[in-house]
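Colleague: Before I use any labels for this model, I would like to hear what each one rests on. Please take me through them one at a time.

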There are 2 protein chains.
Amino acid sequence: MELPTELIHATRFGKTRSAQSTALLEDYVELIADLLANEGEARPTDIARRLGVAHATAIKTVSRLKRAGLATARPYRGVFLTEKGEALAQRVRIRHRLVVDVLRAIGVPVEAAEADAEGIEHYVSEATLQAFARFLRGRS
Amino acid sequence: MELPTELIHATRFGKTRSAQSTALLEDYVELIADLLANEGEARPTDIARRLGVAHATAIKTVSRLKRAGLATARPYRGVFLTEKGEALAQRVRIRHRLVVDVLRAIGVPVEAAEADAEGIEHYVSEATLQAFARFLRGRS
DNA sequence: GTCAAAATAGAGCCTTGGCTACATTTCTAA
DNA sequence: TTAGAAATGTAGCCAAGGCTCTATTTTGAC
Ligand SMILES: [Mn+2]
Ligand SMILES: [Mn+2]
Ligand SMILES: [Mn+2]
Ligand SMILES: [Mn+2]
């Protein structure tokens, strides 16, 4: 122990920064999984509309997903998730629900809970997730 | 009511995106206030060390703070907060503590609570903050 | 007081994630 | 079957926020 304060803080900020850089990919993967499940296909236009960005932005980010090994897509065909992408989507979905449920349990109004969870979900560690699950179990 | 689902989602993602763009400024302002209070001065080198970034990065971001009307700084002199910057720092500090306290109350280990709060704090709305405060009051 | 070390500043590069404008491909309705 | 609409893709722009490398200023030890 006895790490200097600056290093402790720097480490925390570093974690936050790296979480930030994956937050967008997580949202895309979660959304694509949702579209595939509910609509049967995930087209760039639908992704863009749901995220509120221009279609060109969505297409560009999808190619980043491909580079990251999370998605596949052939020109003019729609987007699919790799095994890795599916697995991430699964984890993200669980996290999302857990965060919303905890916020609701604490007394946050449903719309605020859903909106805030969209940001919060990307910054919740394993340890915190487990505490969330325990907390919900303990009061059900 | 009866907004289309896509618009609801798009709005949430938009809020998250704009929160993300102010997250960094909030951390800087919070840190500068802390350094000013505890060390009497906030020098770019110290800011950089605490954030875990290169000093050039810190200097560049400080100039963004200046542009945003949150800080002042004269060459080779150290950084200060404007009224607006002080006010923001105040709000951020309160939010930070509230998030940590709620996480702790739910059973999150202290180190995880501190680390996760560093990210979560930027995505907590007014409504959620109020619910947090009520929750803590109700169980003290 | 001098001068070397430390701090500060600036230039220039990269990636991300927005955007608009334009080009191409696919789909669909007549 | 084919033209127009819709979807998709590409190019090029911008700002933010990282970085390294270099220059300048300030500070502190002697
Ligand atoms: Mn999200
Ligand atoms: Mn989500
Ligand atoms: Mn923070
Ligand atoms: Mn904080």
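**Metal sites and interface**

Modeller: In this predicted model, A:Glu118 bridges the manganese ion (ligand 2) and the manganese ion (ligand 1), which lie 3.7 Å apart. A:Glu30 sits in helix H1 of chain A and A:Glu118 in helix H5 of chain A, so the pair ties together parts that are 88 residues apart in sequence.

Colleague: What makes A:Glu30 a donor of the manganese ion (ligand 2)?

Modeller: The protein donors of that ion are A:Glu30 (OE), A:His96 (ND1), A:Glu118 (OE), and A:Glu121 (OE) listed twice, at 2.3 to 2.5 Å. The cut-off for manganese is within 2.8 Å, so A:Glu30 counts as a donor. Along the chain, the donors of this ion have the spacing E-x65-H-x21-E-x2-E.

Colleague: Why are A:Glu30 and A:Glu118 called buried?

Modeller: Buried means under 20% relative accessible area. A:Glu30 has 13% relative accessibility, so the term applies. A:Glu118 has 7%, so the term applies there too.

Colleague: Which residues coordinate the manganese ion (ligand 3)?

Modeller: Its donors are B:Asp27 (OD), B:Glu118 (O), B:Glu118 (OE), B:Glu121 (OE) and B:His122 (NE2), at 2.0 to 2.4 Å. With the limit at 2.8 Å, these atoms therefore qualify. Their spacing along the chain reads D-x90-E-x2-E-H. B:Glu118 coordinates both this ion and the manganese ion (ligand 4), and the two ions are 3.7 Å apart.

Colleague: How do you know whether B:Glu118 and B:Glu121 are buried or exposed?

Modeller: The relative accessibility of B:Glu118 is 7%, which is under 20%, so B:Glu118 is buried. For B:Glu121 the value is 1%, so B:Glu121 is buried as well.

Colleague: Turning to the interface, what makes the pair B:Glu111 and A:Arg12 a salt bridge?

Modeller: Their side chains meet at 3.0 Å, N to O. The rule asks for an Arg or Lys side-chain nitrogen within 4 Å of a carboxyl oxygen of Asp or Glu, so the pair passes. Across the interface of chain A and chain B, the rule finds two salt bridges. Helices H1, H2, H4, H5 and H6 of chain A each supply at least two residues of the side that touches chain B. H1(A) gives the most to that side, with ten residues.

Colleague: How many residues does each chain bring to the contact, and what is the area buried between them?

Modeller: Chain A brings 37 residues and chain B 38. The buried area is about 3500 Å², and carbon and sulfur atoms give 64% of it.

Terms used: Residues are numbered from 1 along each chain as its sequence is written. Chains are lettered from A and ligands numbered from 1 in the order in which they are written. This is a predicted model: local features need pLDDT of at least 70, side-chain atom pairs count only at pLDDT 80 or more; totals for chains, interfaces and linings use all residues. Side-chain values use heavy atoms; hydrogens and water are left out. Contact means heavy atoms within 4.5 Å. Buried area is the accessible area (1.4 Å probe) that two parts lose on being put together, summed over both. Helices (H or I, at least four residues) and strands (E, at least two) are DSSP runs, numbered from the N terminus. Donors are N, O and S atoms within 2.8 Å of the metal (3.2 Å for Na, K and Ca); water is not among the atoms, so sites may look incomplete. Buried means under 20% relative accessible area, exposed over 50%, partly exposed in between (1.4 Å probe, protein chains only).
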